[in-house]
Amino acid sequence: MPNPHRRLSDPRELNALAHPVRMAIIELLSISGPLTATELADRLDETPANCSWHLRKLAQHGFVEEAEGGKGRQRPWQVPGLGFAWDEEHESASGEQRRAAEGLSDVMMGRAIDRLRESQQRAPDDTEEWRAARNNTEMVAWLTADELKEMNDALNAILDRYVERLTDPAQRPAGSRLCEFVTWGVPTYFPGVDRA
């Protein structure tokens with residue numbers, strides 16, 4: 001597969017992804033693809049026509065492509081690579097690019113928080129082993145910019161350890177489940193707390 005983190009900067013690309021149905025399609029194709037519009041519609045509680053329309057929009061920007069082995073309405077779709085990266089605060093970004101990046105970040109974070117809430121609601125039904133493995137962590141720390149970058153790089157390296165398991169089911173250990181990690185390492189602002 002190509003670079004697992006396609007860098008996005010064009011506001012049209014960012015806006016194309018910043019839609020809940022399109023993001024859900026990308027997520028499902030990344031995790032379970034290739035899938036047809038009908039299969040996606042069944043999983044997303046959407047119509048096949050709506051999924052087809054969103055697939056064509058995603059294909060215009062190279063986010064999805066047709067997979068082999070289909071004809072007519074039974075054409076499967078796949079993602080050509082895993083993951084995206086974009087900058088909300090880059091100094092060279094235009095106002096339009098910043099707004100589009102913020103919109104995409106809002107959609108992605110909203111979806112992640114919804115999945116967290118669902119996981120918390122389902123936790124009582126999990127086995128003790130899975131309940132004990134769960135963790136929610138929040139912390140603040142006084143760091144320099146270099147230390148913040150070092151921490152973010154280390155977290156990204158840890159998160160990338162098992163990325164191959166998304167595309168190669170043979171690498172998934174027996175009993176494994178799809179798990180999600182969401183991190184952000186950013187300067188934070190509390191009222192009345194100034195820089196050191």
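This section describes the nonpolar core, the charged pairs, the cysteines and several single residues of a predicted model.

The largest nonpolar core of the model contains 28 residues, and Leu17 and Leu29 have the most contacts inside it. Several elements each supply at least two residues of this core: helix H1 (11-17), helix H2 (20-32), helix H3 (37-44), helix H4 (48-60), strand S5 (84-86) and helix H5 (95-122). Helix H2 gives the most, with six residues. In soluble globular proteins, nonpolar side chains tend to be buried together. The surroundings of leucine 17 can be listed residue by residue. When residues up to four places away in sequence are not counted, leucine 17 touches Leu8, Met23, Ile26, Leu58, Phe63, Phe84 and Leu104.

A search of the whole structure for aromatic pairs returned zero. An aromatic ring does, however, take part in a contact with a charge. The charged end of arginine 177 sits over the ring of tryptophan 130, at 4.6 Å from the ring centre.

Arginine 177 also forms a salt bridge with aspartate 126, and the closest N and O atoms of this pair are 2.9 Å apart. The pair links distant parts of the chain, with the two positions 51 residues apart: arginine 177 is in the segment after helix H8 (164-167), while aspartate 126 is in the loop between H5 and helix H6 (128-133). The two partners fall into separate accessibility classes. Arginine 177 is partly exposed, with a relative accessible area of 43%, whereas aspartate 126 has 17% and is buried, because the limit for a buried residue is under 20%.

The search of the whole structure found 10 salt bridges. One of the salt bridges joins glutamate 118 to arginine 122, with an N to O distance of 3.0 Å. These two residues are four residues apart in helix H5, so they are separated by about one helical turn. Glutamate 118 is partly exposed at 37% relative accessibility, and arginine 122, at 53%, is exposed.

A further salt bridge is formed by glutamate 66 and arginine 75, whose closest N and O atoms are 3.1 Å apart. Glutamate 66 has a relative accessibility of 42% and counts as partly exposed. Arginine 75 also counts as partly exposed, with a value of 31%. Salt bridges can also be joined into a network, as is the case for Glu27, Arg111, Arg115 and Glu180.

Arginine 75 appears again in the surroundings of threonine 36, a residue of strand S2 (residues 35-36). Threonine 36 touches Gln74, Arg75 and Pro76, when residues up to four places away in sequence are left out. The relative accessible area of threonine 36 is 6%, and the residue is therefore classed as buried.

No disulfides were found, the search of the whole structure giving zero. A disulfide is a covalent bond between the sulfur atoms of two cysteines. Two cysteines of the model can be described by their accessibility. Cysteine 51 is buried, with a relative accessible area of 0%, whereas cysteine 179 is partly exposed at 47%.

Glutamate 13 lies in helix H1. Although its side chain belongs to an acidic residue type, glutamate 13 counts as buried, at 16% relative accessibility. Apart from neighbours within four places in sequence, glutamate 13 is in contact with Arg6, Leu8, His61 and Phe63. Leu8 and Phe63 are also among the residues touched by leucine 17.

Two loop residues are exposed. Glutamate 68 is found in the loop between strand S3 (65-66) and strand S4 (76-78), and its relative accessible area is 79%, which places this residue in the exposed class. The C-alpha atoms of glutamate 68 and glutamine 78 are 9.3 Å apart in space, and the two residues are 10 residues apart in sequence. Aspartate 45 lies in the loop between H3 and H4 and is exposed, with a relative accessible area of 72%. The phi angle of aspartate 45 is near 55°, a positive value in a residue other than glycine.

Methods: Residues numbered from 1 in each chain as written. Predicted model: local features only at pLDDT ≥ 70, side-chain atom pairs only at ≥ 80, totals over all residues. Heavy atoms only, no water. Core = buried A, V, L, I, M, F, W, Y, C linked by side-chain atoms within 4.5 Å. Buried < 20%, exposed > 50% of the residue type's maximum accessible area, 1.4 Å probe, protein only. Contact = heavy atoms within 4.5 Å. Phe/Tyr/Trp six-rings, centres within 6.5 Å; stacked < 30°, edge-to-face > 60°. Lys NZ or Arg CZ within 6 Å of the ring centre and 35° of its normal. Salt bridge = Lys/Arg side-chain N within 4 Å of Asp/Glu carboxyl O. Disulfide = S-S within 2.5 Å.
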